[in-house]
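Colleague: I am new to this one. Can you walk me through the reasoning behind a few labels?

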Amino acid sequence: MTTPALQPPPSALAPPLLDAQGRRMTYLRLSITDRCNFRCSYCSPASWGGKRDLLGPEELERITSVFARMGIRRVRLTGGEPLIRPDILDIARRIAAVPGIQHLAITSNASHLERLARPLREAGVTQLNLSLDTLLAETFRRISKQGDFDAVLRGVDAAAGAGYASLKLNVVVMRGVNDEEASALIAYAHARGFTPRFIELMPFGQGTPVPTAELVERLQASGLPLEPEPDDTGDAAGPARYWRAPGGRVGFISPLTQNFCGTCNRVRVASNGDLRSCLGGRAQAPLHQLIRGGASDVELAVAIRRALGDKPEGHRFTEPGNGATLLSMMGIGG
């Protein structure tokens with residue numbers, strides 16, 4: 001007589017969702033495509049062709065629902081460029097309607113926002129994080145390779161007028177490329193109601209990073225008064241550390257020089273449906289395969305918890321020979 005397989009307990013779906021270090025996960029970064037209409041050197045390898053077998057709207061909704069039952073409250077749709085998906089509004093509506101999800105954000109290069117900024121807000125998106133690394137057309141072409149600079153600027157302005165609760169402008173800082181534009185980008189962002197955030201270049205592509213401390217010092221030396229704000233270590237805390245300037249807040253994200261792994265509250269699902277517990281780690285769970293293989297919600301939850309049980313204490317990007325599996329940012333999402 002065959003012994004029936006033991007079923008995982010339903011309690012696997014109950015919050016809290018904790019990683020191996022006891023950190024509580026409340027924030028899901030969900031990559032919905034690894035394709036992009038730009039080819040930024042720090043993000044996409046030249047040979048990257050993208051995958052065709054992506055998660056569908058129903059699968060994305062189901063994964064989000066499982067995470068929400070486990071305690072996830074914030075979702076960010078990433079890519080690649082998420083707005084190139086023709087079903088993006090359907091995806092946004094589905095995710096925003098999942099019980100328990102309180103905030104839905106999208107990270108975008110803004111090139112499609114002139115048309116989509118208002119429909120996305122009406123679909124339930126509460127926050128936009130837009131990538132804009134330069135205000136100079138020539139530098140933009142150097143970084144993006146094939147992006148439409150004017151479309152990006154129109155998209156930023158469309159987002160500014162669409163009534164979002166939160167707007168952020170992300171700038172990846174590269175020495176000798178755009179590091180002299182920080183003051184201008186701050187003024188540009190504040191004039192449009194955005195919070196600018198400067199990000200240290202991560203070891204996924206080409207370029208030389210500028211440490212946050214150096215950038216802050218250079219901004220202060222240029223005459224911009226910056227005053228640090230108290231750290232936000234609450235449940236909704238993100239990786240940015242904020243400073244106060246005359247026009248508003250300025251954020252700095254420093255994954256290399258000011259490691260924020262100790263307060264990590266994020267879990268990532270890549271565009272191929274694999275859960276990645278960390279940008280710089282190996283632990284993962286093939287949620288795509290599990291769903292298409294008929295897995296129950298409880299079985300998905302068990303796979304998620306198992307992967308998070310192997311999540312490292314930190315990313316260890318700066319340690320040589322750490323054995324981390326580094327993917328293209330287009331493959332996993334930021």
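**Labels and their reasons**

Modeller: Start with a side-chain reach: the side chain of Arg85 comes to 3.0 Å from the backbone oxygen of Leu55. Keep in mind that this is a predicted model.

Colleague: What makes the pair Arg85 and Leu55 a polar contact?

Modeller: The cut-off is 3.5 Å between N or O atoms, with a donor on one side and an acceptor on the other. The Arg85 side chain reaches the backbone oxygen of Leu55 at 3.0 Å, so the pair counts.

Colleague: Why is Arg85 called buried?

Modeller: Its relative accessible area is 10%. Buried means under 20%, so Arg85 qualifies.

Colleague: Where is Arg85 found, and which residues does Arg85 touch?

Modeller: Arg85 is in the loop between strand E2 (74–78) and helix H2 (88–96). Setting aside residues up to four places away in sequence, its contacts include Ile32, Thr33, Leu54, Gly56 and Ile91. Arg35 is 50 residues away along the chain, yet the two C-alpha atoms are separated by 9.1 Å.

Colleague: Which residues does UniProt list for "binding site"?

Modeller: The unreviewed UniProt entry lists Tyr42, Gly80, Ser131 and Met202.

Colleague: Why is Gly80 called partly exposed?

Modeller: Gly80 sits in the loop between E2 and H2. Its relative accessible area is 21%. Partly exposed runs between 20% and 50%, so Gly80 falls in that class.

Colleague: How do you know that Ser131 counts as partly exposed?

Modeller: Ser131 has 27% relative accessibility, so the 20% to 50% class applies. Ser131 lies in strand E4 (residues 127–131). Beyond its neighbours within four places in sequence, Ser131 contacts Thr107, Ser108, Asn109 and Asn170.

How values were computed: Residues are numbered from 1 along each chain as its sequence is written. This is a predicted model: local features need pLDDT of at least 70, side-chain atom pairs count only at pLDDT 80 or more; totals for chains, interfaces and linings use all residues. Side-chain values use heavy atoms; hydrogens and water are left out. Helices (H or I, at least four residues) and strands (E, at least two) are DSSP runs, numbered from the N terminus. Buried means under 20% relative accessible area, exposed over 50%, partly exposed in between (1.4 Å probe, protein chains only). Contact means heavy atoms within 4.5 Å. UniProt positions are given in the numbering used here, feature names are shortened, and annotations may be inferred rather than shown by experiment.
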